[in-house]
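Welcome! Please open the structure in your viewer and keep the selection tool at hand. We will go from stop to stop together.

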Amino acid sequence: MEKYYDVIVIGAGHAGCEAAHAAARIGASTLLITMDMNKIAQMSCNPAVGGIAKGQIVREIDALGGAMGQVTDATTIQFRMLNRSKGPAMWSPRAQCDRGKFIWAWREVLENTPNLHIWQDQVRRLIVEDTLAAQRPSTKACPDAQSPIAEAGSVCSDGVTKTAVGVETYLGMTFRAKSIILTAGTFLNGLMHIGRVQLPGGRCADPPSLELAESIAQHGIRVARMKTGTPVRIDARSVDFSLMTEQPGDTEGRRFSYIDPSYVANPSAPDSGSSLPCWITYTNEAVHERLREGLPDSPLYNGQIQSIGPRYCPSIETKLITFPDKDQHQLFLEPEGTNTNEYYLNGFSSSLPIDVQIEALKLIPAFRNLEIFRPGYAIEYDFFDPTQLHHSLESRVIKGLYLAGQVNGTTGYEEAAGQGLIAGINAARGCTGQEPLVLQRDQAYIGVLIDDLVCKGVDEPYRMFTSRAEYRILLRQDNADERLTEIGHRMGVATTERLNHYLKKKEEIERITRFAENYSVKMSDVNGLLERLATAPLTRGCKLMELLGRPQISFENLSSTLPQLREALHSITDRHNEIVEEAEIQIKYKGYIMREVEQAEKMHRLENIRIRGRFDYSTLQSISTEGRQKLVAHDPDTLAQASRIPGVSPSDINVLLVLLGR
């Protein structure tokens with residue numbers, strides 16, 4: 001039996017949900033295939049969304065019209081804004097979520113999205129056909145063509161391209177589509193490890209996908225292995241919380257989504273009074289000694305696991321080896337939901353034997369009577385080389401195939417969801433031959449993420465950090481709507497309601513900024529306040545904007561002495577705190593913001609110089625040997641992308657500029 005769609009999405013994890021939602025919102029007839037509808041958007045590891053740089057990605061997803069932010073808000077049990085002691089470029093929202101409610105909130109979103117259909121099954125094989133270039137309208141040129149759009153199609157010199165046209169499933173169904181999105185997470189040939197025990201699986205209690213990766217790799221897409229892991233899940237009834245330190249959430253009523261003004265009718269949200277705390281404890285030397293005794297049975301150190309794990313989320317046994325002088329490691333005990341005794345032990349990811357995990361944990365005073373629901377484990381899985389992707393996330397090898405999430409070598413729900421959203425948008429646009437959406441590095445962390453994957457590739461699971469973004473003052477968590485909502489609306493994902501919501505906020509920020517630019521402050525009005533705040537008093541009058549440049553000064557403390565300012569701020573009745581905060585950030589950091597804008601504009605000049613298909617790099621002897629090798633391997637679209645490839649030097653870029661007549 002065959003059925004036809006515009007877009008097929010394989011896998012309903014965080015990437016798959018955003019991809020299917022976006023494609024359907026744009027108007028593409030979309031099919032989402034998942035092996036278990038009751039585990040849609042399953043939080044396979046930590047029951048939390050956001051974190052350093054990750055929270056910015058979630059706000060960007062929301063600003064573009066994605067659903068992760070709203071689903072998170074609907075299921076939040078604790079919210080914290082991280083890095084508040086640093087500048088606003090570093091502020092990162094994070095929410096602890098109810099794992100079960102998160103699944104059902106996402107399922108409700110998907111089941112009520114027009115044009116979106118769900119099929120419970122497992123994909124066995126990708127159907128790929130050789131197609132003449134003339135038969136594929138969206139293919140614009142061969143890779144070796146002397147054209148700015150040479151990158152648009154994976155067409156060989158004989159005019160034939162490999163094209164993904166459908167999938168076959170284990171239930172015997174054949175689904176055909178114009179675009180296929182693969183978001184299989186850790187399921188491709190997944191193998192779980194607990195001590196010397198090895199079990200095939202995509203995660204605990206779920207089977208792996210055993211044939212799909214091979215059906216893709218046989219067409220020339222490079223495949224490799226990665227490893228990740230997850231910690232033990234603890235029964236709260238066995239924990240002595242009096243021996244732990246409570247970590248409460250924020251009380252400011254913040255959220256991820258720009259569009260939802262409150263937590264109305266959300267029984268698990270912080271504003272309803274049911275915010276749940278997390279708890280902090282530490283390992284000790286006795287714990288470490290028991291863990292060391294188990295290292296001969298650790299698959300990470302006995303040769304079972306050969307693949308590379310995440311550097312920035314190491315297992316407890318890796319911490320012992322990497323930091324042998326540390327006598328304790330911090331652990332966070334985090335609730336899995338409002339109506340469950342299941343807790344997640346953040347910081348204790350492990351693949352040691354079950355008895356070693358339990359015995360070691362019982363040496364922590366709070367866990368002396370420990371009972372667990374399941375042990376920690378490691379999992380190995382296949383991923384595909386992301387340097388074989390366009391920035392649209394379409395494969396350079398197989399036309400019409402898009403890849404998003406952990407199959408591209410990333411780690412994290414947020415990184416996956418951001419890729420999924422972009423893949424969904426571009427898969428839908430590809431069905432009608434429209435140009436893909438490519439976010440630049442100064443537009444979004446999502447743009448940084450994809451550019452890093454495509455230009456640099458990965459040799460370990462990729463996790464986003466603020467340090468990866470050279471324009472992080474522009475990419476703050478507070479202004480994602482300013483950067484992206486109009487783009488999302490043009491793409492057809494963000495609604496007109498969302499756009500108008502943003503435009504109203506923009507007007508208010510501009511009004512406050514104009515007030516600060518024009519309002520003159522007298523010495524007599526503020527010098528008393530300035531002295532109390534231990535900052536120099538004024539020696540002359542100045543504009544309010546100039547005064548706000550001081551780190552000690554804020555709209556809040558100035559409004560206590562400036563009645564006109566207080567009146568201007570109090571006139572904001574909708575999203576007051578959000579608007580005032582962003583206006584203040586824009587005013588305080590105006591000089592830094594303008595400097596980064598200028599730097600980004602300089603880089604855009606290189607972004608606009610298209611080079612794919614214009615050089616035979618192997619013959620350019622004036623470029624370094626490593627530079628030639630890297631340029632041949634990556635075949636960048638633009639000169640800016642070439643400049644970001646490791647091994648391509650500034651002098652190599654200058655050679656290309658000379659050859660281009662620049």
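How many bridges join strand E10 to E18, and do they run parallel or antiparallel? Before you look, please note that this is a predicted model.

**Stop one: strand E18**

Select residues 191–194, which make up strand E10, along with E18: three bridges join the two strands, and they run antiparallel. For a single pair to look at, pick Met192, which stands opposite Ile379 of E18.

Now add strand E12, residues 223–235. It is joined to E18 by eight bridges, again in an antiparallel arrangement. Here you can click on Lys227 and find its bridge partner in E18, Glu380.

Next, select E18 alone, residues 377–384. Eight of its eight residues are buried, so the strand is largely enclosed by the rest of the structure. In a regular strand, side chains alternate between the two faces of the sheet. Show the side chains here and you will see Tyr377, Ile379, Tyr381 and Phe383 pointing one way, while Ala378, Glu380, Asp382 and Phe384 point the other way.

**Stop two: the nonpolar cores**

Which residues have the most contacts inside the largest nonpolar core? Select Leu126, Leu182 and Leu401; the core they belong to has 104 residues. Colour helix H9, residues 413–431, as well: with ten residues, this helix gives the core its largest share.

Then centre the view on Leu126. Setting aside neighbours within four places in sequence, its contacts include Ala164, Val167, Ile180, Leu212, Ile398 and Leu401.

Apart from this core lies another one, of 25 residues. To find it, select Ile512, Leu530, Leu547 and Ile579, which are among its members.

**Stop three: salt bridges**

Side chains of opposite charge can pair when their charged atoms come close. The count for this model comes to 48 salt bridges, and a few make good stops.

Select Lys505 in helix H12 (residues 496–518) and Asp481 in helix H11 (residues 480–491). Their closest N and O atoms are 2.9 Å apart in a salt bridge, and the pair links distant parts of the chain, 24 residues apart. Are these two residues buried or exposed? Both Lys505 and Asp481 are buried.

Keep Lys505 selected and add Glu578, which lies in helix H17 (residues 576–588). These side chains also meet in a salt bridge, with 2.9 Å from N to O. This pair spans 73 residues, and Glu578 is buried, as is Lys505.

For a contrast, go to Asp235 and Arg237, whose side chains meet in a salt bridge at 2.7 Å, N to O. Asp235 is buried, with a relative accessible area of 8%, whereas Arg237 is exposed at 63%.

**Stop four: helix H19**

Finish by selecting residues 625–634, helix H19, and highlight its buried residues Gly627, Arg628, Leu631 and His634. Why do they line one face of the helix? Look down the axis of H19: the buried residues fall within an arc of 150 degrees, so they line one face.

Turn the helix around to find the exposed residues Gln629 and Ala633 on the face away from the buried side. What covers the buried residues of H19? Show helix H10 (445–456), helix H20 (639–643) and helix H21 (650–659), which are included in that cover. Last, click on Asp635, which follows H19 and has a positive phi, near 45 degrees.

Methods: Residues are numbered from 1 along each chain as its sequence is written. This is a predicted model: local features need pLDDT of at least 70, side-chain atom pairs count only at pLDDT 80 or more; totals for chains, interfaces and linings use all residues. Side-chain values use heavy atoms; hydrogens and water are left out. A salt bridge is a side-chain nitrogen of Lys or Arg within 4 Å of a carboxyl oxygen of Asp or Glu. Buried means under 20% relative accessible area, exposed over 50%, partly exposed in between (1.4 Å probe, protein chains only). Helices (H or I, at least four residues) and strands (E, at least two) are DSSP runs, numbered from the N terminus. The arc is that of the directions from the helix axis to the C-beta atoms. Contact means heavy atoms within 4.5 Å. A nonpolar core is a set of buried Ala, Val, Leu, Ile, Met, Phe, Trp, Tyr and Cys residues joined through side-chain atoms within 4.5 Å. Two strands pair if DSSP finds at least two bridges between them.
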